Amino acid sequence: MLQRILLLTAFAISPLLTSAHTPYLDEYNVHNSYGSAFEFSDNIYSRALLTTTRCPPRFYQDNGTYPSYTSGYRKRWSAESWSKVYVHSGESLHFEFGVPHIPALEYPEFRPTVYLVGKCLPSQHAFGYPKPQELEHPSLDLPRSYKFKALRFHLADPIWQPTKFDEKHLDATFLVYLNYTVPVECDGNVYIVVEAYEKRIVEYYVAVGQREGFPYESTDGIASLAATKAWASGDEPGVGRYCKRRGFWERE
């Protein structure tokens, strides 16, 4: 109980990221597929998944595959990051995407593609400018029995210029690329997918919700302030000779 009180006090006096999001750190990129998507607890309270694209684990092989939930095959390691949040009909989805402002993530060095995937997403016109692109057949490993709509935010397009945000409590600056609040037309999960193409070890975050607060008993998975600072500064362990042998670039 004391640990929870101390944790909540820390969040109350030290807002994190751009909207005081409660951070969950995915240090080993385990949420890298539809079946392993990180689940936000709700669409109301502000939460953020902090993802690190690290070098492949020891069991990774370039051509190694295994049966997936879609009866297809996929690599054992993926540069994708998946998260999901359940949104009720008539509610608005608020989500953000951004990166720490460190040299390895400066434009044009790092521009991933971000997708929203779901059954009842709004029209691309609901997003204002710049608008995402609607896709009938996204190139993602999705269950074949479901028909999802996908919206693609192609951040490599120069129209997506980030907004800088200084977070004094973390002593870090962030580049915010996406920041939208849009209506959802039916009950169901909305998936947020980040797809990186380069072999680059980076950090980025996906966030949902706007209301500050922590109404839950469980604090499982919430990153400490020290871990969040290390993530925001690009000071992640496990980046060394092994990654170089795999062809991954270290941060400048």
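A residue counts as partly exposed when its relative accessible area falls between the buried range, under 20%, and the exposed range, over 50%. That wording will help with several side chains below, all taken from a predicted model.

**Overall picture**

Let's start with the chain as a whole. Its secondary structure comes to three helices and 14 strands. Of its 252 residues, 52% count as buried. The chain exposes about 12,600 Å², and carbon and sulfur atoms supply 50% of that area. Contacts reach far along the sequence: among those between residues at least 6 apart, 81% join residues at least 24 apart.

**The nonpolar core**

In soluble globular proteins, nonpolar side chains tend to be buried together. Here the largest nonpolar core has 38 residues, and the members touching the most others are Leu93, Phe95, Phe97, Leu116, Phe153 and Leu178. Seven strands are worth finding in the viewer: S6 (80–87), S7 (92–100), S8 (113–118), S10 (149–154), S12 (172–183), S13 (188–195) and S14 (202–208) each supply at least two residues of this core. The most comes from S12, which gives five residues.

Phe95 is a good place to zoom in. Leaving aside residues up to four places away in sequence, Phe95 touches Leu116, Phe127, Phe153, Leu178, Asn179, Tyr180, Ile192, Ala207 and Val208.

**Two side-chain links**

What does a search of the whole structure find in the way of disulfides? It finds one, formed by Cys120 and Cys186 with their sulfur atoms 1.7 Å apart. Cys120 lies in the loop between S8 and strand S9 (133–135), while Cys186 lies in the loop between S12 and S13, so the pair ties together parts 66 residues apart in sequence. The torsion about the S-S bond is about 90°, so this disulfide is right-handed.

The salt-bridge count also comes to one. Lys149 pairs with Glu134, and their closest N and O atoms are 3.9 Å apart; the cut-off for such a pair is 4 Å. Because Lys149 lies in strand S10 and Glu134 in strand S9, this pair ties together parts that are 15 residues apart in sequence.

How exposed are the residues in these links? The table gives three of them.

| Residue | Relative accessible area | Class |
|---|---|---|
| Cys186 | 21% | partly exposed |
| Lys149 | 23% | partly exposed |
| Glu134 | 36% | partly exposed |

With a relative accessible area of 23%, Lys149 is partly exposed because its value is not under the 20% that marks a buried residue and not over the 50% that marks an exposed one.

Notes. Residues are numbered from 1 along each chain as its sequence is written. This is a predicted model: local features need pLDDT of at least 70, side-chain atom pairs count only at pLDDT 80 or more; totals for chains, interfaces and linings use all residues. Side-chain values use heavy atoms; hydrogens and water are left out. Helices (H or I, at least four residues) and strands (E, at least two) are DSSP runs, numbered from the N terminus. Buried means under 20% relative accessible area, exposed over 50%, partly exposed in between (1.4 Å probe, protein chains only). Contact means heavy atoms within 4.5 Å. Accessible areas come from the Shrake-Rupley method with a 1.4 Å probe; for residues, only the protein chains shown count as cover. A nonpolar core is a set of buried Ala, Val, Leu, Ile, Met, Phe, Trp, Tyr and Cys residues joined through side-chain atoms within 4.5 Å. A disulfide is a pair of cysteine sulfur atoms within 2.5 Å. A salt bridge is a side-chain nitrogen of Lys or Arg within 4 Å of a carboxyl oxygen of Asp or Glu.
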